Amino acid sequence: MSDPLLEIDSLRKTFDGIFALDDFSCAVGRGEIVGVIGPNGAGKTTLFNVATGFLRPEHGQIAYKGRRLLGLPPYQIRRAGVARTFQNLRLIRQMSVLENVLLAFRGQPGERLGNVFFRWKTSQTTEAANRRSAMSLLGDAGLSEKADDPAEALSYGQQKLLSLVCCLAGGAELLLLDEPVAGIAPAMIDKMLSIIRDLPKQGKSVVLIEHNLEAVMQVCDRVIFMDAGRKISEGTPEQVRNDPRVIEAYID
Amino acid sequence: MTNPNHGDGSGEILGEWATTVEYFLHIAILIGIYLILATGLNLIAGYAGLLSIAHAAFYGIGAYTAALMALNLHSPILVNLICAMLLAGMLGAVVGVPSLRIRDDYFVIATFAFQVIVFNVLNNWVSFTGGPMGLPGIPQPVLFGWIVSSHFEFLLLVGCCCVAVLWICHRLVCSPFGRVLKAIREDEVFAQSAGKNVAAYKVLVSVIGAAMAAVAGVLYAHYISFIDPTSFTVMESIFIISIVIIGGAGSLWGPVVGAVVLVTLPELLRFVGLPSAVAANARQILYGAALVACMMWRPQGLVGDYSFQKGGGRQ
Amino acid sequence: MQLAANALVAAGTILLVAVGFALVFGMVRFFHFAHGVIFTAAAYLAFVFQTWVGLPLIAAVVMAVVGAAVIGCAIEIGVYRPLRAKVASPLVLLLASLGVYVVLQNLISVVCGDDTKQLRSSEIPETINILGARVTWVQLATIAVAVVLVATLAAVVQKTRLGQAMRAVADDPQLASVSGIESDRIILLTFAIGSALAGVGGILVAFDVDMTPTMGMNPLMLGMIAVIVGGVRSIPGIVLAALLLACAQQATVWVFGSAWQDAVAFLVLLAFLLVRARGFVGRGTQEAIA
């Protein structure tokens with residue numbers, strides 16, 4: 001692949017002697033949607049945790065747009081343009097839906113202590129502009145009526161949608177989505193998938209972890225199959241589905 | 001809370017107070033001082049979610065800084081304030097650092113440790129701080145040539161400081177900065193993943209809160225004109241956190257309500273005829289019981305927003 | 001040698017408080033600050049039973065230890081259990097515990113007064129000379145009692161069915177309930193034992209030196225530090241930590257004077273928390289990692 005967005009090289013991460021990631025390498029191109037599938041404990045979420053700076057691997061390297069990510073704290077990786085959602089759905093439940101989205105915007109002057117007191121006007125102007133962008137994003141996702149409701153008042157599916165909107169609000173170019181459609185109603189699944197499918201048109205790339213193979217087949221350009229920390233198979237959804245090693249791993 | 005009336009043993013209700021007005025002014029000044037203390041702690045614990053029982057230590061640092069400077073350098077109150085805030089702010093940053101690495105309840109222990117160390121220093125460094133004997137004879141504050149001498153004038157001074165502190169707090173929490181604090185309070189992993197430098201926010205809010213406590217300390221030292229370490233103990237820290245919690249953590253008016261309630265209600269004991277020695281204990285029993293009751297039935301306090309729950313125990 | 005003797009005695013007290021605290025913390029996973037005032041309450045109960053009620057010393061002491069256990073259980077039933085039923089966070093429980101501490105300490109002040117009191121046995125406190133160090137019988141008793149009680153407790157926890165049940169509840173109360181263990185009763189028993197241990201410590205200290213209503217705060221903090229540094233589940237670790245703390249304190253007394261000994265203990269805690277923070281990494285981060 002020429003000029004990949006994300007390059008992962010020979011990652012190794014062990015927990016108490018067990019390989020969560022074992023010499024794992026892959027690349028993600030610009031405008032691609034890559035699916036990562038595999039049985040429980042295969043290391044998929046560990047991969048995300050390492051890529052976003054929450055875990056340190058013992059070996060390997062990750063480069064995003066040519067820039068080394070390992071060693072950076074999570075907040076800097078996010079600022080570089082890599083956003084993620086969490087398997088157990090993290091949100092600030094007590095803040096409103098709108099405030100959750102506003103939180104995600106980058107480069108807010110009002111977040112800096114000095115500006116709060118000495119450049120209040122500028123902060124307010126930016127805040128108003130962010131509000132408009134946030135409402136527009138929520139509108140695209142069909143959540144605008146809920147904007148002032150606390151995030152915990154949303155249904156599970158709507159909350160997952162909200163966390164996706166937050167990733168977009170922060171202007172990320174690479175989205176790592178951990179089980180975006182798990183546990184939500186079929187109508188919502190379709191909505192979520194159609195949004196994800198459109199992301200490359202907006203210049204974004206996506207890596208998603210999923211157990212829902214149908215969803216993966218529908219939306220992904222490429223699929224990686226992992227087991228026990230290793231990459232077992234990689235290719236188009238069709239290729240991976242018919243790969244005997246994959247079939248064997250699932251039967252086991 | 002030291003009160004000039006303590007230990008006077010006389011049965012008279014108003015004892016040393018020249019008039020009833022003086023008494024009410026005194027109460028109002030105390031409310032103001034505790035309001036400032038509670039607002040600072042509310043920022044740290046109520047908005048950022050970092051429960052701390054070290055606040056009385058910063059209160060004491062502010063008081064002793066002002067006292068030592070006023071006694072030895074005869075400096076005006078503005079200078080005392082600035083120095084006290086700087087010193088407390090720096091130490092506030094030091095106390096904030098453990099919160100970056102340890103869980104919230106262990107962090108409380110770390111703040112407790114800091115509190116005890118500061119008390120020990122104040123109590124043992126006799127040559128510098130006067131040790132258990134304290135520092136008497138602190139002069140009245142001088143503000144641009146105005147000597148603040150009467151209770152009424154002092155109330156004006158305290159009142160201005162209260163307004164300033166509340167305004168600062170209001171600005172902070174209504175801004176995106178405040179939004180990040182609330183996010184950190186609920187889920188700092190999420191805040192990190194949203195691109196926020198959580199460590200910087202925690203340290204900053206610790207600094208600001210500590211500086212506010214120092215302001216209260218400076219005012220207290222000049223008002224009471226005699227300070228000793230017993231005003232700055234763990235019990236005092238627990239009293240301040242009680243004000244924040246009972247008033248309501250995570251809301252601007254919580255500390256105000258809490259200070260009014262917890263300063264005035266125990267004063268009513270005075271009128272019930274309790275001997276002053278028992279009154280002190282009764283006051284503490286009241287706020288201790290109120291704290292327990294609050295945690296059991298209304299952890300968000302009277303007007304508050306946050307109940308230290310973080311999504312409810314184990315998940 | 002005197003230093004070593006003093007250190008051993010101090011370690012004994014710390015150990016009694018620490019093990020009781022660790023027992024409770026291991027079971028309910030929050031910082032039960034009121035443990036410190038139970039330490040004090042036992043001493044005052046013994047005083048009250050001996051001086052006001054007129055019981056013989058042994059009876060007074062026994063009743064006081066039982067009283068300590070009762071107080072611990074009362075706090076658990078009255079405050080902690082209802083809060084746990086609401087799935088209160090460790091912070092909420094900690095705050096409630098602080099409130100209980102304040103109330104109880106002041107109750108002791110109101111009932112018994114703030115002046116220092118003494119628990120005295122009928123014999124004159126004799127000092128004996130062991131290897132050049134001077135210790136009183138009470139101090140020797142402190143070491144002996146601490147060792148015996150802690151060793152017995154360790155044996156019970158490791159070897160008996162009761163101990164097994166306790167470990168099960170400490171690991172996972174819901175799972176233990178499902179297996180037929182009455183978690184609430186085990187937790188109550190833990191509070192009783194832990195509080196009794198603290199009570200014994202308080203009474204011994206009251207025999208050795210004078211007692212005041214605030215006497216529990218320092219032993220509590222030292223006990224908490226010993227538990228954090230030594231490890232909640234590891235009695236040998238706590239023993240070592242108690243010894244370490246006591247030695248550090250005695251060394252500080254020798255070099256700097258007795259006024260700074262608490263500061264050293266807390267510096268040890270701060271240093272430990274900052275350097276070995278592995279077990280205390282913010283809960284949230286642990287979940288993200290899993």
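Which residue takes a positive phi in the hairpin of E9(A) and E10(A)? In this predicted model, that residue is A:Ala228, with a phi near 50 degrees, in a hairpin that leaves two residues between its strands. The two strands, E9 (residues 222-227) and E10 (residues 230-235) of chain A, pair in the antiparallel sense over five bridges, and A:Phe225 has A:Ser233 as its bridge partner in E10(A). E9(A) also pairs with strand E3 (residues 33-37) of chain A, here in the parallel sense and over four bridges; in that pairing A:Val36 is matched with A:Ile224.

The surroundings of E9(A) complete this part of the picture. Six of its six residues are buried, so the strand is largely enclosed by the rest of the structure. In a regular strand, side chains alternate between the two faces of the sheet. Accordingly, A:Arg222, A:Ile224 and A:Met226 point one way from E9(A), whereas A:Val223, A:Phe225 and A:Asp227 point the other way, and all are buried.

Turning to chain C, we meet 12 helices and two strands. Four helices come before the two strands and eight follow them, in the order α-α-α-α-β-β-α-α-α-α-α-α-α-α from the N terminus. The radius of gyration is 19 Å, in agreement with the value near 19 Å for a compact globule of 290 residues. The C-alpha atoms occupy a box of roughly 60 × 45 × 35 Å along the principal axes, and 51% of the residues of chain C count as buried. Among contacts with a separation of 6 or more, 73% join residues 24 or more positions apart.

Helix H1 of chain C (residues 2-28) spans 39 Å from its first C-alpha to its last, close to the expected 39 Å for its 27 residues. Because 23 of these 27 residues are buried, H1(C) is largely enclosed by the rest of the structure. Just after this helix, C:Arg29 takes a positive phi of about 60 degrees.

The largest nonpolar core holds 297 residues, of which B:Val215, C:Ala42 and C:Ala46 touch the most other members. Leaving aside residues up to four places away in sequence, C:Ala42 touches residues including C:Ala64, C:Ala68, C:Ala198 and C:Ile203.

Finally, 43 residues of chain C are in contact with 39 residues of chain B. Helices H3, H4, H9, H11 and H12 of chain C each supply at least two residues of the side that touches chain B, and H4(C) gives the most, with 15 residues. By class, this side of chain C has 34 nonpolar, seven polar and two charged residues.

Definitions and conventions. Residues are numbered from 1 along each chain as its sequence is written. Chains are lettered from A and ligands numbered from 1 in the order in which they are written. This is a predicted model: local features need pLDDT of at least 70, side-chain atom pairs count only at pLDDT 80 or more; totals for chains, interfaces and linings use all residues. The radius of gyration is taken over C-alpha atoms; the globule rule is 2.2 Å times the number of residues to the power 0.38. A residue is buried if 20 or more other C-beta atoms lie within 10 Å of its own, exposed if 12 or fewer, and partly exposed in between; C-beta atoms are placed from the backbone. Two residues are in contact if their C-beta atoms, placed from the backbone, lie within 7 Å. A nonpolar core is a set of buried Ala, Val, Leu, Ile, Met, Phe, Trp, Tyr and Cys residues joined through C-beta atoms within 7 Å. The expected span of a helix is 1.5 Å times one less than its number of residues. Ala, Val, Leu, Ile, Met, Phe, Trp, Tyr, Cys and Pro count as nonpolar, Asp, Glu, Lys and Arg as charged, and the others, Gly among them, as polar. Two strands pair if DSSP finds at least two bridges between them.
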